[in-house]
Amino acid sequence: MEFLARKGARFEIPQSVREESVVRPLQLRSRAHDLSALSIQRLIDREVITVSEANGDQLMDLANHVFYVKGRPIHLVDKGEADALALAVDAKDYLVGIDERTTTSLIENPMGLKEHLEKEFHTHVMFNEENYNAFVAKVGKIGVVRSSELVAFAYEQGFFNEWKDKRRVLLAGLYRLKYSGCGITFKELDEYHNLF
Amino acid sequence: MDKILKAFSVENIPELRRLSREYSRRAAMEDSDEMANRAVLSYFLSKVLQKEGMDAGLRERIASLIKKQRIKEIYEEVARAIPKKFVMELPDKARVKIAARIHGHGVSLKRAAEMTDAPLPEVMDYVGKTMIPERIRTTRSVKSRLAMLRRRLLDS
(Lines give C-alpha, C1' and ligand atoms only; values in the text may rest on other atoms or scores of the structure.)
Protein backbone atom coordinates (compact mmCIF):
# COMPACT_ATOMS: atom_id res chain seq x y z
CA MET A 1 0.00 0.00 0.00
CA GLU A 2 2.90 2.33 0.70
CA PHE A 3 4.13 1.63 -2.83
CA LEU A 4 0.72 2.48 -4.29
CA ALA A 5 0.42 5.57 -2.11
CA ARG A 6 3.72 6.78 -3.57
CA LYS A 7 2.08 6.34 -6.98
CA GLY A 8 -0.74 8.62 -5.91
CA ALA A 9 -3.31 6.22 -4.46
CA ARG A 10 -5.26 7.43 -1.43
CA PHE A 11 -6.60 4.88 1.02
CA GLU A 12 -9.36 5.67 3.46
CA ILE A 13 -11.07 3.32 5.90
CA PRO A 14 -13.94 3.91 8.30
CA GLN A 15 -13.38 3.66 12.03
CA SER A 16 -15.42 0.44 12.10
CA VAL A 17 -12.96 -1.24 9.72
CA ARG A 18 -10.04 -0.17 11.90
CA GLU A 19 -11.88 -1.69 14.84
CA GLU A 20 -12.27 -5.01 12.97
CA SER A 21 -8.83 -5.15 11.43
CA VAL A 22 -6.65 -3.69 14.19
CA VAL A 23 -8.32 -3.33 17.58
CA ARG A 24 -10.19 -6.65 17.86
CA PRO A 25 -7.47 -8.92 16.40
CA LEU A 26 -5.03 -7.50 18.95
CA GLN A 27 -7.44 -8.46 21.74
CA LEU A 28 -7.59 -12.12 20.69
CA ARG A 29 -6.01 -14.82 22.85
CA SER A 30 -4.31 -16.25 19.79
CA ARG A 31 -1.52 -14.02 18.55
CA ALA A 32 -1.99 -15.31 15.00
CA HIS A 33 -3.34 -12.03 13.64
CA ASP A 34 -1.17 -9.56 15.55
CA LEU A 35 1.28 -9.00 12.72
CA SER A 36 -1.42 -8.16 10.23
CA ALA A 37 -3.15 -5.84 12.73
CA LEU A 38 0.10 -4.08 13.64
CA SER A 39 0.99 -3.68 9.95
CA ILE A 40 -2.31 -1.94 9.29
CA GLN A 41 -1.83 0.29 12.34
CA ARG A 42 1.65 1.18 11.05
CA LEU A 43 0.14 2.25 7.72
CA ILE A 44 -2.35 4.39 9.64
CA ASP A 45 0.46 5.92 11.73
CA ARG A 46 2.40 6.71 8.56
CA GLU A 47 -0.73 8.29 7.06
CA VAL A 48 -0.82 5.88 4.14
CA ILE A 49 -4.29 4.96 5.36
CA THR A 50 -6.62 7.62 6.70
CA VAL A 51 -9.25 6.66 9.24
CA SER A 52 -12.51 8.55 8.83
CA GLU A 53 -15.86 8.65 10.49
CA ALA A 54 -18.60 7.19 8.32
CA ASN A 55 -22.18 6.29 8.84
CA GLY A 56 -23.34 3.40 6.71
CA ASP A 57 -26.20 2.42 9.00
CA GLN A 58 -28.88 3.28 6.48
CA LEU A 59 -27.08 1.40 3.70
CA MET A 60 -26.63 -1.58 6.00
CA ASP A 61 -30.29 -1.52 6.94
CA LEU A 62 -31.37 -1.43 3.28
CA ALA A 63 -28.91 -4.15 2.22
CA ASN A 64 -30.03 -6.39 5.05
CA HIS A 65 -33.67 -6.06 4.02
CA VAL A 66 -33.29 -7.00 0.36
CA PHE A 67 -33.72 -10.77 0.66
CA TYR A 68 -36.21 -12.58 2.86
CA VAL A 69 -36.57 -16.26 3.63
CA LYS A 70 -39.83 -17.35 5.20
CA GLY A 71 -40.56 -13.75 6.11
CA ARG A 72 -37.20 -13.15 7.76
CA PRO A 73 -34.52 -10.82 6.34
CA ILE A 74 -31.07 -12.25 5.58
CA HIS A 75 -28.16 -10.41 7.21
CA LEU A 76 -25.78 -9.94 4.26
CA VAL A 77 -23.78 -6.81 4.98
CA ASP A 78 -21.89 -5.71 8.10
CA LYS A 79 -21.13 -2.30 9.50
CA GLY A 80 -17.56 -2.32 8.15
CA GLU A 81 -18.62 -2.89 4.56
CA ALA A 82 -21.59 -0.51 4.85
CA ASP A 83 -19.41 2.25 6.34
CA ALA A 84 -16.81 1.68 3.61
CA LEU A 85 -19.54 2.01 0.99
CA ALA A 86 -20.78 5.20 2.68
CA LEU A 87 -17.26 6.65 2.63
CA ALA A 88 -16.85 5.80 -1.04
CA VAL A 89 -20.22 7.33 -1.88
CA ASP A 90 -19.17 10.56 -0.19
CA ALA A 91 -16.07 10.75 -2.38
CA LYS A 92 -16.16 11.53 -6.08
CA ASP A 93 -15.11 8.98 -8.72
CA TYR A 94 -14.76 6.32 -6.15
CA LEU A 95 -13.80 2.70 -5.80
CA VAL A 96 -14.41 0.55 -2.80
CA GLY A 97 -12.14 -2.28 -1.71
CA ILE A 98 -14.09 -5.24 -0.36
CA ASP A 99 -12.73 -8.76 -0.14
CA GLU A 100 -15.99 -10.37 0.92
CA ARG A 101 -18.01 -11.75 -1.97
CA THR A 102 -21.49 -11.35 -0.53
CA THR A 103 -21.50 -7.54 -0.53
CA THR A 104 -19.87 -7.49 -3.97
CA SER A 105 -22.44 -9.90 -5.29
CA LEU A 106 -25.28 -7.81 -3.85
CA ILE A 107 -23.98 -4.75 -5.71
CA GLU A 108 -23.10 -6.46 -8.99
CA ASN A 109 -25.29 -9.51 -9.30
CA PRO A 110 -28.29 -9.45 -6.94
CA MET A 111 -30.21 -12.06 -8.92
CA GLY A 112 -27.20 -14.35 -8.84
CA LEU A 113 -27.09 -13.88 -5.07
CA LYS A 114 -30.81 -14.66 -4.86
CA GLU A 115 -30.19 -17.91 -6.76
CA HIS A 116 -27.31 -18.73 -4.43
CA LEU A 117 -29.48 -18.16 -1.35
CA GLU A 118 -32.29 -20.29 -2.81
CA LYS A 119 -29.84 -23.09 -3.48
CA GLU A 120 -28.44 -22.87 0.04
CA PHE A 121 -31.80 -22.72 1.79
CA HIS A 122 -33.68 -25.08 -0.55
CA THR A 123 -36.57 -22.65 -0.62
CA HIS A 124 -37.90 -19.54 -2.34
CA VAL A 125 -36.16 -16.29 -1.42
CA MET A 126 -38.18 -13.08 -1.63
CA PHE A 127 -36.48 -10.12 -3.30
CA ASN A 128 -37.56 -6.71 -2.00
CA GLU A 129 -37.11 -4.58 -5.09
CA GLU A 130 -37.98 -1.35 -3.33
CA ASN A 131 -35.20 -1.76 -0.77
CA TYR A 132 -32.76 -2.90 -3.43
CA ASN A 133 -33.54 0.12 -5.61
CA ALA A 134 -33.11 2.43 -2.62
CA PHE A 135 -29.76 0.75 -1.89
CA VAL A 136 -28.63 1.11 -5.51
CA ALA A 137 -29.79 4.72 -5.62
CA LYS A 138 -27.46 5.44 -2.71
CA VAL A 139 -24.39 3.51 -3.83
CA GLY A 140 -24.74 4.40 -7.51
CA LYS A 141 -22.45 2.71 -10.00
CA ILE A 142 -19.82 1.95 -7.45
CA GLY A 143 -16.77 -0.02 -8.53
CA VAL A 144 -15.59 -2.85 -6.30
CA VAL A 145 -12.00 -4.08 -6.24
CA ARG A 146 -10.38 -6.67 -3.99
CA SER A 147 -6.94 -6.89 -2.39
CA SER A 148 -5.95 -9.13 -5.30
CA GLU A 149 -6.49 -6.31 -7.82
CA LEU A 150 -4.39 -3.97 -5.70
CA VAL A 151 -1.56 -6.51 -5.71
CA ALA A 152 -1.91 -7.10 -9.47
CA PHE A 153 -1.90 -3.36 -10.09
CA ALA A 154 1.19 -2.96 -7.90
CA TYR A 155 2.81 -5.69 -10.00
CA GLU A 156 2.04 -3.74 -13.18
CA GLN A 157 3.57 -0.67 -11.59
CA GLY A 158 6.81 -2.49 -10.84
CA PHE A 159 6.42 -3.51 -7.20
CA PHE A 160 7.95 -6.95 -7.81
CA ASN A 161 10.65 -5.82 -10.24
CA GLU A 162 13.46 -6.72 -7.90
CA TRP A 163 12.38 -10.36 -7.71
CA LYS A 164 14.02 -12.88 -10.03
CA ASP A 165 10.75 -14.45 -11.15
CA LYS A 166 8.30 -11.62 -10.52
CA ARG A 167 5.34 -13.28 -12.25
CA ARG A 168 5.63 -16.29 -10.00
CA VAL A 169 5.86 -14.03 -6.96
CA LEU A 170 2.70 -12.22 -8.06
CA LEU A 171 0.80 -15.48 -8.45
CA ALA A 172 2.13 -16.76 -5.11
CA GLY A 173 0.89 -13.54 -3.51
CA LEU A 174 -2.54 -13.94 -5.07
CA TYR A 175 -2.84 -17.52 -3.78
CA ARG A 176 -1.75 -16.33 -0.37
CA LEU A 177 -4.49 -13.68 -0.43
CA LYS A 178 -7.08 -16.28 -1.40
CA TYR A 179 -6.08 -18.60 1.43
CA SER A 180 -6.18 -15.68 3.87
CA GLY A 181 -9.81 -14.94 3.11
CA CYS A 182 -9.79 -12.62 0.09
CA GLY A 183 -12.90 -13.60 -1.86
CA ILE A 184 -11.33 -14.65 -5.14
CA THR A 185 -12.17 -17.91 -6.85
CA PHE A 186 -9.92 -20.45 -8.53
CA LYS A 187 -11.47 -19.38 -11.83
CA GLU A 188 -10.39 -15.80 -11.11
CA LEU A 189 -6.91 -17.04 -10.23
CA ASP A 190 -6.86 -18.66 -13.69
CA GLU A 191 -7.82 -15.28 -15.12
CA TYR A 192 -4.80 -13.72 -13.40
CA HIS A 193 -2.64 -16.54 -14.81
CA ASN A 194 -3.85 -15.66 -18.29
CA LEU A 195 -3.53 -11.91 -17.84
CA PHE A 196 0.06 -11.89 -16.60
CA MET B 1 -32.01 -30.33 21.98
CA ASP B 2 -33.88 -33.66 22.15
CA LYS B 3 -32.52 -34.60 18.75
CA ILE B 4 -28.96 -33.83 19.83
CA LEU B 5 -29.43 -35.80 23.03
CA LYS B 6 -30.87 -38.78 21.19
CA ALA B 7 -28.07 -38.88 18.62
CA PHE B 8 -25.40 -38.38 21.28
CA SER B 9 -26.81 -41.07 23.57
CA VAL B 10 -26.57 -43.73 20.86
CA GLU B 11 -23.24 -42.35 19.59
CA ASN B 12 -24.73 -41.63 16.19
CA ILE B 13 -21.95 -39.47 14.75
CA PRO B 14 -23.43 -39.11 11.22
CA GLU B 15 -26.71 -37.91 12.74
CA LEU B 16 -24.87 -35.34 14.89
CA ARG B 17 -23.11 -34.10 11.74
CA ARG B 18 -26.44 -33.94 9.90
CA LEU B 19 -27.99 -32.00 12.78
CA SER B 20 -25.04 -29.64 12.75
CA ARG B 21 -25.64 -28.90 9.06
CA GLU B 22 -29.39 -28.51 9.60
CA TYR B 23 -28.95 -26.12 12.53
CA SER B 24 -26.34 -24.12 10.60
CA ARG B 25 -28.82 -23.61 7.77
CA ARG B 26 -31.57 -22.65 10.22
CA ALA B 27 -29.20 -20.24 11.99
CA ALA B 28 -28.61 -18.50 8.66
CA MET B 29 -32.28 -18.50 7.66
CA GLU B 30 -33.62 -17.39 11.03
CA ASP B 31 -30.67 -15.19 12.04
CA SER B 32 -30.64 -17.26 15.20
CA ASP B 33 -27.79 -17.46 17.71
CA GLU B 34 -29.56 -20.34 19.40
CA MET B 35 -29.55 -22.44 16.21
CA ALA B 36 -25.89 -21.53 15.66
CA ASN B 37 -25.03 -22.72 19.16
CA ARG B 38 -26.89 -25.96 18.55
CA ALA B 39 -24.93 -26.43 15.33
CA VAL B 40 -21.65 -25.89 17.21
CA LEU B 41 -22.68 -28.28 19.97
CA SER B 42 -23.75 -31.02 17.54
CA TYR B 43 -20.48 -30.73 15.64
CA PHE B 44 -18.45 -30.61 18.87
CA LEU B 45 -20.16 -33.73 20.23
CA SER B 46 -19.64 -35.61 16.97
CA LYS B 47 -15.90 -34.95 17.34
CA VAL B 48 -15.77 -35.66 21.08
CA LEU B 49 -17.33 -39.09 20.58
CA GLN B 50 -14.31 -40.02 18.49
CA LYS B 51 -11.79 -39.00 21.14
CA GLU B 52 -9.79 -41.23 23.42
CA GLY B 53 -11.00 -40.83 26.99
CA MET B 54 -14.71 -40.73 26.20
CA ASP B 55 -16.20 -43.29 28.57
CA ALA B 56 -19.68 -44.21 29.80
CA GLY B 57 -19.42 -41.94 32.85
CA LEU B 58 -18.52 -38.89 30.82
CA ARG B 59 -21.21 -39.70 28.28
CA GLU B 60 -23.80 -39.77 31.05
CA ARG B 61 -22.60 -36.49 32.52
CA ILE B 62 -22.75 -34.83 29.11
CA ALA B 63 -26.20 -36.27 28.42
CA SER B 64 -27.43 -34.90 31.71
CA LEU B 65 -26.07 -31.44 30.88
CA ILE B 66 -27.70 -31.54 27.42
CA LYS B 67 -31.03 -32.35 29.09
CA LYS B 68 -30.62 -29.36 31.42
CA GLN B 69 -29.44 -27.22 28.45
CA ARG B 70 -26.29 -26.20 30.37
CA ILE B 71 -24.22 -25.95 27.22
CA LYS B 72 -21.22 -24.04 28.56
CA GLU B 73 -20.74 -26.70 31.22
CA ILE B 74 -20.54 -29.39 28.53
CA TYR B 75 -17.42 -27.80 27.10
CA GLU B 76 -15.94 -27.44 30.59
CA GLU B 77 -16.79 -31.03 31.50
CA VAL B 78 -15.12 -32.36 28.36
CA ALA B 79 -12.06 -30.18 28.90
CA ARG B 80 -11.72 -31.60 32.44
CA ALA B 81 -12.25 -35.21 31.50
CA ILE B 82 -10.33 -35.71 28.27
CA PRO B 83 -6.56 -35.21 27.98
CA LYS B 84 -5.94 -31.67 26.84
CA LYS B 85 -4.01 -32.60 23.72
CA PHE B 86 -7.14 -34.25 22.29
CA VAL B 87 -9.69 -31.53 22.89
CA MET B 88 -7.89 -28.30 23.75
CA GLU B 89 -8.96 -26.36 20.69
CA LEU B 90 -12.03 -28.36 19.78
CA PRO B 91 -14.74 -25.89 20.90
CA ASP B 92 -12.91 -23.01 19.17
CA LYS B 93 -12.48 -25.02 15.98
CA ALA B 94 -16.15 -26.00 16.06
CA ARG B 95 -17.17 -22.34 16.42
CA VAL B 96 -14.98 -21.28 13.49
CA LYS B 97 -16.17 -24.14 11.28
CA ILE B 98 -19.85 -23.49 11.93
CA ALA B 99 -19.43 -19.73 11.45
CA ALA B 100 -17.84 -20.46 8.06
CA ARG B 101 -20.71 -22.75 7.19
CA ILE B 102 -23.29 -20.11 8.15
CA HIS B 103 -21.39 -17.57 6.05
CA GLY B 104 -21.46 -20.05 3.17
CA HIS B 105 -25.25 -19.95 3.33
CA GLY B 106 -25.07 -16.21 2.62
CA VAL B 107 -24.87 -14.50 6.00
CA SER B 108 -22.14 -11.86 6.33
CA LEU B 109 -18.84 -12.99 7.82
CA LYS B 110 -19.05 -10.82 10.90
CA ARG B 111 -22.62 -11.77 11.74
CA ALA B 112 -21.76 -15.45 11.26
CA ALA B 113 -18.76 -15.08 13.58
CA GLU B 114 -20.89 -13.27 16.17
CA MET B 115 -23.51 -16.01 16.09
CA THR B 116 -21.02 -18.67 17.16
CA ASP B 117 -18.73 -16.39 19.17
CA ALA B 118 -15.81 -17.20 16.86
CA PRO B 119 -12.97 -14.71 16.23
CA LEU B 120 -13.63 -12.99 12.89
CA PRO B 121 -10.03 -13.18 11.55
CA GLU B 122 -10.00 -16.93 12.17
CA VAL B 123 -13.30 -17.37 10.35
CA MET B 124 -11.88 -15.36 7.42
CA ASP B 125 -8.78 -17.54 7.31
CA TYR B 126 -10.83 -20.68 7.47
CA VAL B 127 -13.22 -19.55 4.73
CA GLY B 128 -10.23 -18.79 2.51
CA LYS B 129 -9.14 -22.40 2.77
CA THR B 130 -12.54 -23.78 1.77
CA MET B 131 -14.56 -23.79 -1.44
CA ILE B 132 -17.11 -21.33 0.06
CA PRO B 133 -16.02 -18.32 -2.06
CA GLU B 134 -16.50 -20.44 -5.19
CA ARG B 135 -20.22 -20.73 -4.43
CA ILE B 136 -21.01 -17.01 -4.59
CA ARG B 137 -20.94 -15.64 -8.11
CA THR B 138 -19.93 -12.15 -9.07
CA THR B 139 -20.22 -10.88 -12.62
CA ARG B 140 -17.31 -8.56 -13.20
CA SER B 141 -14.12 -10.06 -14.60
CA VAL B 142 -10.68 -9.57 -13.09
CA LYS B 143 -9.72 -7.75 -16.29
CA SER B 144 -12.51 -5.23 -15.86
CA ARG B 145 -11.77 -4.67 -12.16
CA LEU B 146 -8.14 -4.03 -13.02
CA ALA B 147 -9.18 -1.65 -15.77
CA MET B 148 -11.31 0.26 -13.26
CA LEU B 149 -8.39 0.49 -10.86
CA ARG B 150 -6.01 1.67 -13.58
CA ARG B 151 -8.49 4.32 -14.70
CA ARG B 152 -8.94 5.56 -11.17
CA LEU B 153 -5.29 5.55 -10.13
CA LEU B 154 -3.48 6.41 -13.35
CA ASP B 155 -5.85 9.06 -14.65
CA SER B 156 -6.13 10.98 -11.39
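## Helix packing and buried cores in chains A and B

Helices α2(A) and α3(A) lie oblique to each other, because their angle falls outside the ranges for roughly parallel, antiparallel or perpendicular. The angle is about 130°, and the axes are 8 Å apart. This is a predicted model. The points below go from this helix pair to the nonpolar cores, then to a two-sided helix and two buried residues.

**The α2(A)–α3(A) pair**
- Helix α2 of chain A spans residues 15–27, and helix α3 of chain A spans residues 34–45.
- The crossing of α2(A) past α3(A) is left-handed.
- On the α2(A) side, the contact is made by Arg18(A), Ser21(A), Val22(A), Pro25(A) and Leu26(A).
- On the α3(A) side, Asp34(A), Ala37(A), Leu38(A), Ile40(A), Gln41(A) and Ile44(A) make the contact.

**The nonpolar cores**
- The largest nonpolar core holds 77 residues.
- Phe67(A), Leu106(A), Phe135(A) and Leu45(B) have the most contacts inside this core.
- Helix α3 of chain B (residues 33–48) gives the core its largest share, 9 residues.
- A second, separate core has 30 residues, including Val22(A), Leu43(A), Ala154(A) and Val169(A).
- Leu106(A) touches Phe67(A) and Phe135(A), leaving aside neighbours within four places in sequence.
- Other contacts of Leu106(A), on that same count, include Ala63(A), Val66(A), Leu76(A) and Tyr132(A).

**A helix with two sides: α5(B)**
- Helix α5 of chain B covers residues 71–81, and its residues Ile74(B), Tyr75(B), Glu77(B) and Val78(B) are buried.
- These buried residues sit on the same side of α5(B), because they cover an arc of only 160° around the axis.
- An α-helix has 3.6 residues a turn, so residues three or four places apart point the same way.
- The face turned away from the buried side of α5(B) carries Lys72(B) and Arg80(B), which are exposed.

**Leu87(A)**
- Leu87(A) belongs to helix α5 of chain A, residues 79–90.
- Its relative accessibility is 11%, so Leu87(A) counts as buried: the cut-off is under 20%.
- Leu87(A) and Ala54(A) are 33 residues apart in sequence, yet their C-alpha atoms are 5.9 Å apart in space.
- Not counting residues up to four places away, Leu87(A) touches Glu12(A), Ile13(A), Pro14(A), Ser52(A), Glu53(A) and Ala54(A).

**Ala99(B)**
- Ala99(B) is found in helix α7 of chain B, residues 90–104.
- At 0% relative accessibility, Ala99(B) is counted as buried.
- From Ala99(B) to Leu120(B) is 21 residues in sequence and 9.0 Å in space, C-alpha to C-alpha.
- Beyond four places in sequence, Ala99(B) touches Ala112(B), Ala113(B), Thr116(B), Ala118(B) and Val123(B).

Notes:
Residues are numbered from 1 along each chain as its sequence is written. Chains are lettered from A and ligands numbered from 1 in the order in which they are written. This is a predicted model: local features need pLDDT of at least 70, side-chain atom pairs count only at pLDDT 80 or more; totals for chains, interfaces and linings use all residues. Side-chain values use heavy atoms; hydrogens and water are left out. Helices (H or I, at least four residues) and strands (E, at least two) are DSSP runs, numbered from the N terminus. Buried means under 20% relative accessible area, exposed over 50%, partly exposed in between (1.4 Å probe, protein chains only). Contact means heavy atoms within 4.5 Å. The arc is that of the directions from the helix axis to the C-beta atoms. A nonpolar core is a set of buried Ala, Val, Leu, Ile, Met, Phe, Trp, Tyr and Cys residues joined through side-chain atoms within 4.5 Å. Axes are lines fitted to C-alpha atoms, for helices over the stretch in contact, and angles run from 0 to 180 degrees between N-to-C directions. Angles under 35 degrees count as roughly parallel, over 145 as roughly antiparallel, 65 to 115 as roughly perpendicular and the rest as oblique. A crossing is left-handed if the near helix is turned anticlockwise from the far one by less than a right angle, and right-handed if clockwise.
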